[in-house]
Amino acid sequence: MTIDTAPGKIILFGEHAVVYGQPAIAAPLSHVRAYAVVKNNPNPGIRLIAPDLGSDILLSDADTDDAIAAVVTQLQKAANIQELPDLTITVSSQIPIASGLGSGAAIAAAVIRALAVHLGLGYLLTDEWVSDQTYEIEKIHHGTPSGIDNTVVAYERPVYFVRHQPRNHIEPFAVAKPLRLLVADTGIRSSTKDVVGDVRRQWELDSSTFNTIFESCGRIANTARQALEAGDVAQIGQLMTENHALLQKMSVSEPKLDRLVEVALAAGALGAKLSGAGRGGNMIALVTDDVETAVSTALLSANAKNILTTTILPTKNFPPQGG
Ligand code: PMV
């Protein structure tokens, strides 16, 4: 039996603009994870089980867009395996789906890792390879993903990311001071594919306005990167709130996200913004020890459905990697 796992993620800066080549910054949510368990199946066939979704099917009966089936087929293709053995693959996830926390990417990365190890292909498992395979799955579900979700769940470190051809620019980096964040769920599910598609339609209609917004997001991400590396927590907060205002201009916020951002700031958060595709999903608020309880209470009274807390910890510096 082989078990593997991958984390959820939050986007700290630059969602949407990242699709158009601007830099973005994301971090793993390491205590909220997806898991995959791969076992030999005593019966013929490859059984795909997702207990959370009440789903138990054979690969041979699965639709081509079935999330787990797509991962198995992708791995088979990437590793050039003619015939797979009889297997049971079970996935579970603590990451809420369709809420901007990278649940789809984390499930795909967990299955890729567990399946590769189970098949004796562990030598393939660099972070870059896992990220690349996960990206192929993201394309099926999200249309034109930038690649930031698969990168951060595969590398499991804060990353500075720029979409680029032929290879994305990926720099894992270290924050200088711990960052305490509250991640509050609106309870509204939204489809990343739909929201990204809607931004694209608006960009096509008015590319000059949208390019200016995207460039401002890019400048914020670059300034934020310096502030994160310098440990300037107050500036990081301010930049988050500025980024939220730009996301409002893109029309990807909505009343509940705006309300949660407002109440978090009023209760003393250093900064707050939506995180991910928007139109629902989660927002993040940067807090200090002094205000954490007040901000959390304010978010709950504004009807946040769930609040996760996470601390992005300073880690040792990692060399830049391609991928
Ligand atoms: O998957 P989500 O909801 O976290 O959104 C991904 C971030 C976007 O920038 C909106 C899309 C992308 O592919 O980068």
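Is Gln235 buried or exposed, or does Gln235 count as partly exposed? Before you select this residue, keep in mind that the structure in your viewer is a predicted model.

**First stop: Gln235**

Select Gln235 and you will find yourself in helix 7, which covers residues 233-249. Its relative accessible area is 29%, and because residues between 20% and 50% are called partly exposed, Gln235 belongs in that middle class. Now add Leu270 to the selection: although Gln235 and Leu270 stand 35 residues apart along the chain, their C-alpha atoms are separated by 8.4 Å.

**Second stop: the ligand and its shell**

Next, select the ligand and display the residues around it, of which there are 15, the closest being Lys9, His16, Ser146, Asp149 and Thr192. If you colour this shell by residue type, you will see seven nonpolar residues, five polar ones and three charged ones.

Turn to the individual contacts, starting with Lys9, where an N or O atom of the side chain is 2.5 Å from an oxygen atom of the ligand. Then move to Asp149, which has a polar side-chain atom 2.9 Å from an oxygen atom of the ligand, and go on to Thr192, where a polar side-chain atom likewise lies 2.9 Å from a ligand oxygen. Taken on its own, the ligand has 380 Å² of accessible area, and the protein covers 95% of it.

To see which elements build this shell, highlight strand 1 (2-13), helix 4 (148-155) and helix 5 (192-205), each of which contributes at least two residues. Then colour domain 1 (2-172) and domain 2 (179-312) separately: the ligand lies between them, because both domains give residues to its shell.

**Third stop: salt bridges across the chain**

Side chains of opposite charge can pair when their charged atoms come close. The structure holds 16 salt bridges, and the tour now visits some of them.

Select Glu156 and Arg33, which form a salt bridge whose closest N and O atoms are 2.9 Å apart. This pair connects distant parts of the chain, since Glu156 sits in the loop between helix 4 and strand 6 (159-162) while Arg33 sits in strand 2 (residues 24-40), with their positions 123 residues apart in the sequence. Glu156 has a relative accessibility of 30% and therefore counts as partly exposed, whereas Arg33, at 13%, counts as buried.

Now move to Arg157 and Asp127, whose side chains meet in a salt bridge with an N to O distance of 3.6 Å. Arg157 lies in the loop between helix 4 and strand 6 and Asp127 lies in helix 3 (residues 127-142), so this pair ties together parts that are 30 residues apart in sequence. With a relative accessibility of 14%, Arg157 counts as buried, while Asp127, with 21%, counts as partly exposed. Keep both residues selected and add Arg113, because a salt bridge, by its cut-off, needs a side-chain nitrogen of Lys or Arg within 4 Å of a carboxyl oxygen of Asp or Glu, and Arg113, Asp127 and Arg157 are linked in a network of such bridges.

**Last stop: Glu171 and Arg225**

Finally, select Glu171 and Arg225, another salt bridge, with the closest N and O atoms 2.9 Å apart. Here strand 7 (residues 169-172), which holds Glu171, is linked to helix 6 (residues 207-230), which holds Arg225, and the two residues are 54 residues apart. Is this pair buried or exposed? Both Glu171 and Arg225 are buried.

Note on methods. Residues are numbered from 1 along each chain as its sequence is written. This is a predicted model: local features need pLDDT of at least 70, side-chain atom pairs count only at pLDDT 80 or more; totals for chains, interfaces and linings use all residues. Side-chain values use heavy atoms; hydrogens and water are left out. A residue is near a molecule or strand if one of its heavy atoms lies within 4 Å of it. A polar contact is a pair of N or O atoms within 3.5 Å; within protein, one must be able to donate a hydrogen and the other to accept it, and residues adjacent in sequence count only if both atoms are side-chain atoms. Accessible areas come from the Shrake-Rupley method with a 1.4 Å probe; for residues, only the protein chains shown count as cover. Helices (H or I, at least four residues) and strands (E, at least two) are DSSP runs, numbered from the N terminus. Ala, Val, Leu, Ile, Met, Phe, Trp, Tyr, Cys and Pro count as nonpolar, Asp, Glu, Lys and Arg as charged, and the others, Gly among them, as polar. Domain bounds come from an automatic or database domain assignment. Buried means under 20% relative accessible area, exposed over 50%, partly exposed in between (1.4 Å probe, protein chains only).
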